[in-house]
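Visitor: Please show me the chain, and I will ask how its labels are arrived at.

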Amino acid sequence: MNLTKDIKQYNKKYYETHKEQLLKTASQCVKCEACNCNIQKQWKNKHDKTKKHLENVEKMNTSTRKEEENINIKLSNLILEVEKIKQKLQNT
Ligand SMILES: [Zn+2]
């Protein structure tokens, strides 16, 4: 008996039988930006309360904050550069 083949066969059959339902369900998925995964709409509320999701949201917020900080540092460096150039131009 070829179990793998049987499972494949079963999956194929399952897919064919439930194709419409599966496609419908897939189209009802929403993307969770924090976890980078697709969740069925009906599970989204539940998902939003899971520890994993909350951790990912925290991670996402932290990295966004860090990025913002980096941009701010770069921006203030740029402003300093511009000021230096301005002064140079004024001096010449
Ligand atoms: Zn999530």
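Visitor: In what order do the elements of the chain run from the N terminus on?

Guide: The order is α-β-β-α-α. Helices are DSSP runs of H or I with at least four residues, strands are runs of E with at least two, and both are numbered from the N terminus. This is a predicted model, where local features need pLDDT of at least 70, side-chain atom pairs count only at pLDDT 80 or more, and totals for chains, interfaces and linings use all residues. Residues are numbered from 1 along each chain as its sequence is written.

Visitor: What makes the chain more spread out than a compact globule?

Guide: The globule rule is 2.2 Å times the number of residues to the power 0.38, and the radius of gyration is taken over C-alpha atoms. For 92 residues the rule gives 12 Å, whereas the chain has 26 Å, well over that value, so the chain is more spread out than a compact globule. Along the principal axes, the C-alpha atoms fill a box of roughly 85 × 30 × 25 Å.

Visitor: Why is Thr4 called exposed?

Guide: A residue is exposed if 12 or fewer other C-beta atoms lie within 10 Å of its own, buried if 20 or more do, and partly exposed in between, with C-beta atoms placed from the backbone. Thr4 has 7, so Thr4 is exposed. Thr4 belongs to helix α1 (residues 3-27).

Visitor: Why is Asn36 called exposed?

Guide: Asn36 has 9 other C-beta atoms within 10 Å, so Asn36 is exposed. Asn36 lies in the loop between β1 (29-32) and β2 (37-40).
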